[in-house]
Amino acid sequence: MSDLKAVILAAGKGTRMKSELPKVLHKVKGRTMVEYVISAAKGAGADKICVIVGYKGDMVRESLKDIPLNFAEQKEQLGTGHAVKCASEFIGNEGTTLILCGDTPLIKSETLKMLYDRHKESGNDVTVLSAIFDDPFGYGRIIRDENGSFSAITEEKDCNDEEKKVQEVNSGMYLFSSDKLSTALGLITNDNAQGEYYLTDTIKIIKDMGGKVEAVSVSDRNEIMGVNTVQQLEVAETLI
């Protein structure tokens, strides 16, 4: 019996898809994107899974009705931190919580299992899945200190010239000790240019409280590819 539970972010509309369908319900090789992510979480040992729905949430629930899942609703899209906060009751203070995005159909259960094993072996409070990109434009960067240890995640728009050159990027997938995540979710604010609650702020809070944070790079960077456009959907089809 694993202590692992998973929260999957699936509330977005996906405006760039130019479609009325919720983003995570677009299909790759006949299966919805969110189904691939659910399978990967299960394969990694997540016994309980909570899908966070928002835009056309009933449609998402309906499409997943044959899979035993929990659901939480994000009524307003106020950022990733806010989305995860909507699942606070599910996260609780026990075990380990895996955070995934419903639009990353290429993520493999083996990768998530590797991340979980590393999280446990290292005694981490947060383990971030990262990837190395030749062209990291658009992604948040993993900033490391002089010893090569995790220092921070800096969003593209907040990067200085030096940080923009960093090729290690944040995948948006994480493992958290549930108790630490719950505490940090209660402390995040939306005091930023976007007026949103960022999940990455919880990592800073946990680190500032003395928590242990590590970033682990995936060997195949395609696994973290988020699908935001019809073109990316086609690329995912080819890769799968």
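## Aromatic pairs

In this predicted model, F133 has a relative accessibility of 13% and therefore counts as buried, the cut-off for that class being under 20%. Y139, with a relative accessibility of 24%, counts as partly exposed because its value lies between the limits of 20% and 50%. These two residues, F133 and Y139, form an aromatic pair with an edge-to-face arrangement, in which the ring centres are 4.8 Å apart and the planes stand at 75° to each other.

The structure holds two aromatic pairs, and the other is made by Y174 and F176, whose ring centres are 5.9 Å apart and whose planes meet at 55°, so that this pair is classed as tilted. Both Y174 and F176 are buried.

## A charge over a ring

A further arrangement involving an aromatic ring is found at Y36, where R31 lies over the face of the ring, at 4.6 Å from the ring centre.

## The nonpolar cores

The largest nonpolar core of the model has 34 residues, and within this core the residues with the most contacts are I49 and V51. Several elements give two or more residues to the core, namely the strands β1 (4-10), β4 (48-53), β6 (96-101), β7 (126-132) and β10 (168-177), together with the helices α1 (33-43) and α5 (109-122). Of these, α1 gives the most, with five residues.

Which residues does I49 touch, when residues up to four places away in sequence are not counted? The contacts of I49 are with A6, I8, I38, A41, K42, L69, N70 and F90. Apart from the largest core lies another core, which has 29 residues and includes L9, I142, L181 and L199.

## The largest pocket

The largest pocket of the model contains about 1,500 Å³ of space. Its lining is made up of 44 residues, and those closest to the centre of the pocket are K23, T80, C101, D103 and N228.

The elements that give two or more residues to the lining of this pocket are the strands β1, β6 and β10 and the helix α3 (80-85). Among the contributors to the lining, β10 provides the largest share, with four residues. The strands β1, β6 and β10 are also listed among the elements that give two or more residues to the largest nonpolar core, and each of these three strands gives two or more residues to the lining of the largest pocket as well.

Methods: Residues numbered from 1 in each chain as written. Predicted model: local features only at pLDDT ≥ 70, side-chain atom pairs only at ≥ 80, totals over all residues. Heavy atoms only, no water. Core = buried A, V, L, I, M, F, W, Y, C linked by side-chain atoms within 4.5 Å. Buried < 20%, exposed > 50% of the residue type's maximum accessible area, 1.4 Å probe, protein only. Contact = heavy atoms within 4.5 Å. Phe/Tyr/Trp six-rings, centres within 6.5 Å; stacked < 30°, edge-to-face > 60°. Lys NZ or Arg CZ within 6 Å of the ring centre and 35° of its normal. 1 Å grid on protein atoms, 1.4 Å probe; cavity = no way out; pocket = protein on both sides within 12 Å on 5 of 7 lines; lining within 4 Å. Points joined across faces, edges and corners; volume = space filled by probe spheres on them.
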